[in-house]
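Q: Please take a close look at the place where the two chains meet. Then follow the charged pairs and a few single residues from there.

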Amino acid sequence: MIKVKDLTVKYGEFCAVDNISFYVDKSSGITGLLGPNGAGKTTTMRVLTGYLSPTNGHIEIGGIPFDDNTKNHIEIKKRIGYLPESNPLYPEMLVIEYLEFMAYTKQLEQNKIKERMDFLIETLELQSHLYTPLSLLSKGFRQRTALAATLIHDPEIIILDEPTTGLDPNQIISIRNFIKGLSKEKTLILSTHILKEVEDVCDRVIIINKGKIVADRKVEELQRSNLIVIVAKSHRENILQELRNLSMVKNVQEENIIQSEFKRYICELREDKPERLFNEIKHFDWEVREFAPLERSLEEVFRELTIN
Amino acid sequence: MKSIKYLYKKELLSFFNTPSGYVFMVITIFFNFLFFFLGIFDLIPGFWDAQIASIESYMNLLPFTFILLVPAVTMKIWAEERKTGTIEILKTLPYTEFQLVFAKFLASWTFVSLIILAAIPLTLSISLMGMMDWGKTFTLYLGSILMAGAYISIGMVCSALTKEQIVAFILTFFISLFMFLSNYYLLTQHLPPEWNFVFGFFSISYHFTSFSKGMVLFSDLVYYISFITLMLYVNVQLIKKY
């Protein structure tokens, strides 16, 4: 569980994170932290992992407050698996040495180290490069090694900062599938500016712009608009007029469908309550072929929320 | 101590995982041996000229050696972590800042101490040639190791101040040179006599004098331990601010 309340981070006069609050736990699924470059995503993650200290605000990780108590810091850090943005590694170490080092320093129990390492090496397909120096690894293997190191102590909270940056499409799919598999048991936050990644992987999205949260909703809720498409025909009633007469409908557009008696009506609702419109039109003598909310692309939503 | 074992091991191995560690070791030992046998002009007589079964002149070379060796050893300690971004990994491990600083300090101290202890075979060989003063030999080793610790602690602070290794090297070199020379007439000749005493007292080389005479003074031990502790404290504060 991650609980953030009134978090503010300033670098001198510049406010990187401005009074944000959110709550994430296992039930949230994968939470995507989305925002343009410089929005405050990485700063937020760095504060959550203890790398940076906040200027103001209260953070609780797994029920432990991130305060001045050193013991709490250590306990919280044991529970977090963090993959930093630039994926830094010690170039002189071998893959196997690095994983061992991370297992010991993250204080994984001695009798579990071998089992956990074997599991991650197999799952992330690192067998062929175990004795390769980290400096000689390809981008994909670097990312997988860093991910294995992040998860080596089986943390309950996983924070991944742009985990697929620089990977080829096959590697991206493989890492995304792996991340999706983790979300069943873990609290997982993932930062990205790739909208496709959010659509494919995340259940919930927190959009940050200029240090402030501008949206915090489920992905499908965010994509939903207050536009409803109705495809219908009626021999006795003027559908356009009837729709205009409904109080919940703000605006209606009529479109002809080629070689069909049916017409498409795009209704703009006053409130995001399509069920009310549905209940109303049931009483009319219309033949309705389609009634569907018009989904907006995440790109549209993102632009709307982060420009101006 | 148990908890920092793995950090310490990784740091110590980092000196031996790259050629630079071996290069530092070999060059330092080679020149120390060379100057020990041949001497440096009239400053330090060569072993064959002095005709004394003692390691003292070898140990007296070490303060000069440290001024060049220690900046080279310590320049990467924090500067490289910051430049490559691995500091983010290090600081999010379940350790306190003090444990991180202390593990790195111990590893560097061990590495430089190994270079000092490389003179043991030489010491044993010399002891076969005449009557060796073993007490003095022990205090020379102890003093050298403590002095190395003081220089390393300066180097770590300098490395924590910058992302550039070369800047860390130059800073450490000049501060170490100042801390060494402040006991010598060359630097203090224009100062009032009372300032001479103050400079001398705070000088790292001043507190080595008694060790080189075969004595272990409590005040010198306190000086080195306090100096190292103070520098490590400054280092911890710098790391916290990243």
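A: Here is the interface, followed by the salt bridges, some single residues and the confidence scores.

This is a predicted model, in which local features need pLDDT of at least 70, side-chain atom pairs count only at pLDDT 80 or more, and totals for chains, interfaces and linings use all residues. Residues are numbered from 1 along each chain as its sequence is written, chains are lettered from A and ligands numbered from 1 in the order in which they are written, and side-chain values use heavy atoms, with hydrogens and water left out.

Start with the contacts. Chain A brings 25 residues into contact with 22 residues of chain B. Contact means heavy atoms within 4.5 Å. The size of an interface is often given as the accessible area lost when the parts come together. Between chain A and chain B, about 2,200 Å² is buried. Carbon and sulfur atoms give 65% of that area. Buried area here is the accessible area (1.4 Å probe) that two parts lose on being put together, summed over both.

Now the polar side of the interface. Eight residue pairs are in polar contact between chain A and chain B, both residues being at pLDDT 80 or more. A polar contact is a pair of N or O atoms within 3.5 Å; within protein, one must be able to donate a hydrogen and the other to accept it, and residues adjacent in sequence count only if both atoms are side-chain atoms.

Which elements of chain A give two or more residues to the side that touches chain B? They are α2 (70-79) and α3 (95-105) of chain A. Helices (H or I, at least four residues) and strands (E, at least two) are DSSP runs, numbered from the N terminus. The largest share, six residues, comes from α3(A). By type, this side of chain A divides into 13 nonpolar, six polar and six charged residues. In this count, Ala, Val, Leu, Ile, Met, Phe, Trp, Tyr, Cys and Pro are nonpolar, Asp, Glu, Lys and Arg are charged, and the others, Gly among them, are polar.

Charge also plays a part. Side chains of opposite charge can pair when their charged atoms come close. A salt bridge is a side-chain nitrogen of Lys or Arg within 4 Å of a carboxyl oxygen of Asp or Glu. The rule finds one salt bridge across the interface of chain A and chain B. It joins E88(B) to R46(A), with the closest N and O atoms 2.9 Å apart.

Look beyond the interface. The whole structure holds 26 salt bridges over all chains. One of them pairs K186(A) with D154(A), at 2.6 Å from N to O. K186(A) lies in the loop between α6 (169-182) and β8 (187-192) of chain A, and D154(A) in the loop between α5 (139-151) and β7 (157-161) of chain A, so the pair ties together parts that are 32 residues apart in sequence. K186(A) is buried at 10% relative accessibility, while D154(A) is partly exposed at 40%. Buried means under 20% relative accessible area, exposed over 50%, and partly exposed in between (1.4 Å probe, protein chains only).

Next comes R176(A) with D200(A), whose closest N and O atoms are 3.2 Å apart. This pair links distant parts of the chain: R176(A) sits in helix α6 of chain A, D200(A) in helix α7 (residues 195-201) of chain A, 24 residues apart. R176(A) is buried, with a relative accessible area of 10%. D200(A) is partly exposed, at 31%. Both belong to a network of salt bridges that also links K196(A) and E197(A).

Two asparagines deserve a look. Most residues other than glycine have a negative phi. N19(A), in strand β2 (residues 14-24) of chain A, has a positive phi of about 55°. N87(A) also has a positive phi of about 55°. N87(A) is found in the loop between β6 (80-83) and α3 of chain A. Are these residues buried or exposed? N19(A) is partly exposed, at 45% relative accessible area, and N87(A) is buried, at 2%.

Last, confidence. pLDDT is the predictor's confidence in each residue, from 0 to 100. Chain B has a mean pLDDT of 89, and 96% of its residues reach 70 or more. In chain B, helix α11 (residues 185-188) is lowest, at a mean of 61, and helix α7 (residues 97-117) highest, at 96. The model scores ipTM 0.84 and pTM 0.85.
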